Protein chains: 6
Amino acid sequence: MKYFEDFEVGDVYVSRGRTITEADIVNFAAFSGDWYPLHVDKEYAAKSPFGERIAHGMLVLSAASGLMPLTDYAIVAFYGMDRVRFVGPTKIGDTIHVEAEVTEKKEKSELGGVVTFQQKIVDHEGNEKAVATFKIFMASRPK
Amino acid sequence: MKYFEDFEVGDVYVSRGRTITEADIVNFAAFSGDWYPLHVDKEYAAKSPFGERIAHGMLVLSAASGLMPLTDYAIVAFYGMDRVRFVGPTKIGDTIHVEAEVTEKKEKSELGGVVTFQQKIVDHEGNEKAVATFKIFMASRPK
Amino acid sequence: MKYFEDFEVGDVYVSRGRTITEADIVNFAAFSGDWYPLHVDKEYAAKSPFGERIAHGMLVLSAASGLMPLTDYAIVAFYGMDRVRFVGPTKIGDTIHVEAEVTEKKEKSELGGVVTFQQKIVDHEGNEKAVATFKIFMASRPK
Amino acid sequence: MKYFEDFEVGDVYVSRGRTITEADIVNFAAFSGDWYPLHVDKEYAAKSPFGERIAHGMLVLSAASGLMPLTDYAIVAFYGMDRVRFVGPTKIGDTIHVEAEVTEKKEKSELGGVVTFQQKIVDHEGNEKAVATFKIFMASRPK
Amino acid sequence: MKYFEDFEVGDVYVSRGRTITEADIVNFAAFSGDWYPLHVDKEYAAKSPFGERIAHGMLVLSAASGLMPLTDYAIVAFYGMDRVRFVGPTKIGDTIHVEAEVTEKKEKSELGGVVTFQQKIVDHEGNEKAVATFKIFMASRPK
Amino acid sequence: MKYFEDFEVGDVYVSRGRTITEADIVNFAAFSGDWYPLHVDKEYAAKSPFGERIAHGMLVLSAASGLMPLTDYAIVAFYGMDRVRFVGPTKIGDTIHVEAEVTEKKEKSELGGVVTFQQKIVDHEGNEKAVATFKIFMASRPK
């Protein structure tokens, strides 16, 4: 278990990969209720600037959260995100992974503090799909 | 269909509600791969500051995206988010809705521009769960 | 395998039961995209004439189709339905089963014909939830 | 919100599209429990008259229900359906939409009445997949 | 309903088929939480000895359990399994079925006994995917 | 990454927990196609010796596989299981975890060998639900 004290600015984590499939897009449309045709209508998407269906931005962020080794962290709460940008489309068959760097630590109380991760979501060819700043409230190591 | 030109700073949209259920949390843990015990381990959560299982922050944001009337908007792409904060826990049985206000419009090209929504995710008793700034690239009305 | 010739008007089939759960309603709302608040917003439903969330009519019909022993039938195609009526609400926790009676057989060609089932969907206390006339095109027994 | 009074015989609604995917068929087989080989066994389906796996009729109807703008209607209850016919197979990759016309209005009480929609489910090339008569009990506009 | 008395050593059951799809693998990874890259990372799997993504062994066993006609059996409880071996990879698009033979019956009490099935999970070309010995506690026929 | 060489007989792993929910049972019935009433019919289950719905044995094993830290292991293939026994019912709301001990290592070739884990699946009160012997083919550390 990694506690607030165990994170250092500059620490880097590179995750395993996950291929984003047609099933993922269908399942996320279903879960979220976001059936925008760009995601779920092949004919509509073919005529869009992307030329084919693309994954929801929120799908990509959600999958990214599960690629982080969260169960190894002493998380108190998900604090928030800053500056999330979807810099390229995630298409069916793209395999994404997360590259996260600790960019800030801020003690909040004796209970712990906020660790900031600068996340890049990148595909198997190195194309950036999204960038996001995640802020997680981590517990201090119990004394 | 609402185009870039049809949005005005100050426009407000209040969505229908969605009750966040145990099934939603299980399904989102499954989809995302985020099985942090605070979300899916009843015994662990009972001993946490929240006293019970809480929904993933990203679940709440994903559900919120589907509560917006996106299929009525002429969306080119989801541009990004700024300053997302999870200000209160979403528990099993909470019914959330979205209150969104247009706070900025920025023309990017003759193709359209970015409309910024200040989103509040609120439960049925008025408790704020999350705030987020959504930025969507909207198409201009075809001439 | 039951072929067209093997069905007789008056044959009755009583299925096993399936409890309709909150998860079923959430999953069906997701699959279908029908998030009407009567199904998925606890607060809204509490103020409706039903007093609580009820299952989608189409959920009930879909579950009923899976309660029929279809894989024992030599089905060519699902022909259609007549007079479907939702005669009572299906609530979370109701256990439904199907009572189906063959009411008509109509040879269409030497390939087979349409068997008509009068279906009642009934809960564990005998309350009728829905009635429907299913028409299935069954193959003739191979010669 | 559209109330009973707001519907007129002859009103037409044409929905957005949804591509029916292999994942949809798998998910619907799972949800409904209907694993007829024509839907989920590629080898069996290849030898059927359809030559490939086809979507469940009930899947098509369920998806159609979610393509209607139901959350804009003042629905009291789903009354029923008449004469549902599956006039052509829906295959993996077909993009369907709904064309619905109001064909009847029948006041039931001062609470509202039944609006009848004649629905056609059509793919992106104009092929009809199914026709169905939907009957929805709509609330009268509150006075 | 088949009771303990109704099973004979040497009885054979051959099931219908089910095509294992990409959606099944995604859904099972999600359900189980087993996101090993061999199952869900196309690029990783391409470099593995299998050359492509393969289904989880547990997915194959789970699907096999649903291919058995369990609802026709008077099951008291699933007793266990012996010697499960995954003898060949199950790839996307393989259509599997179960061939099960009763190899042992052991009375436990007047309530019933354990029936042992030797299961082979085989694809449409006759390739064995897995073998497993299933032991189910069946009820005696009520007197 | 843990390679064949890194496992020692006697190594013990204790996993995080996962609460088995009604949604899990519904989702697994759907995925597997095993709708035995003991799992999904509340009324039937109430009259069974268990007194309520219980999880599928295969659900419990599948969830257990996802509780193991598989993505930290250099897995070549899932070799098989021996002596799986379901020693107690898993009910809705039970929180299970896995206790696994390495009981055997067997080199197969210079590519690696089979590591045998004796798994106990235990709930939050220490009640054993299942025991299983898992055998995983692990790669040798690359030279």
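**Val60 and the chain contacts**

User: Which residues does Val60(F) touch, leaving out those up to four places away in sequence, and what makes that a contact?

Analyst: Val60(F) touches Ala55(F), Thr90(F), Ile96(F), Ile121(F), Lys129(F) and Ala130(F), with residues up to four places away in sequence left out. They count because two residues are in contact if their C-beta atoms, placed from the backbone, lie within 7 Å. Bear in mind that this is a predicted model, where local features need pLDDT of at least 70, side-chain atom pairs count only at pLDDT 80 or more, and totals for chains, interfaces and linings use all residues. Residues are numbered from 1 along each chain as its sequence is written, while chains are lettered from A and ligands numbered from 1 in the order in which they are written.

User: What makes the 264 residues a nonpolar core?

Analyst: The term covers a set of buried Ala, Val, Leu, Ile, Met, Phe, Trp, Tyr and Cys residues joined through C-beta atoms within 7 Å. Buried, in turn, asks for 20 or more other C-beta atoms within 10 Å of the residue's own. The largest such set here has 264 residues, and those with the most contacts inside it are Val60(A), Val60(B), Val60(C), Val60(D), Val60(E) and Val60(F).

User: How many residues make up the contact of chain A with chain B?

Analyst: Chain A gives 29 residues and chain B gives 29 residues. On chain A's side, helix H1 (22-32), helix H4 (57-67) and strand E3 (75-86) each supply at least two, and the largest share, 11 residues, comes from E3(A). Those elements are DSSP runs numbered from the N terminus (helices H or I, at least four residues; strands E, at least two).

User: Why are E3(A) and E3(B) called paired?

Analyst: Two strands pair if DSSP finds at least two bridges between them. E3(A) and strand E3 (residues 75-86) of chain B have 4 bridges in the antiparallel sense, so they qualify. One of the partnerships joins Val84(A) to Met81(B).

User: Why is the relation of chains E and F that of a two-fold axis?

Analyst: Chain E lands on chain F with an RMSD of 0.0 Å after a turn of 180° and a shift of 0.0 Å along the axis, and that is the two-fold relation. The superposition is by least squares on C-alpha atoms of residues with pLDDT of at least 70 in both. Asp82(E) is the residue of chain E that comes closest to the rotation axis, at 2.5 Å (C-alpha).

User: How do you know that chains A and B meet through the same surface?

Analyst: 100% of the interface residues of chain A are also interface residues in chain B, so the surface is the same.

Methods. Buried ≥ 20, exposed ≤ 12 C-beta atoms within 10 Å, placed from the backbone.
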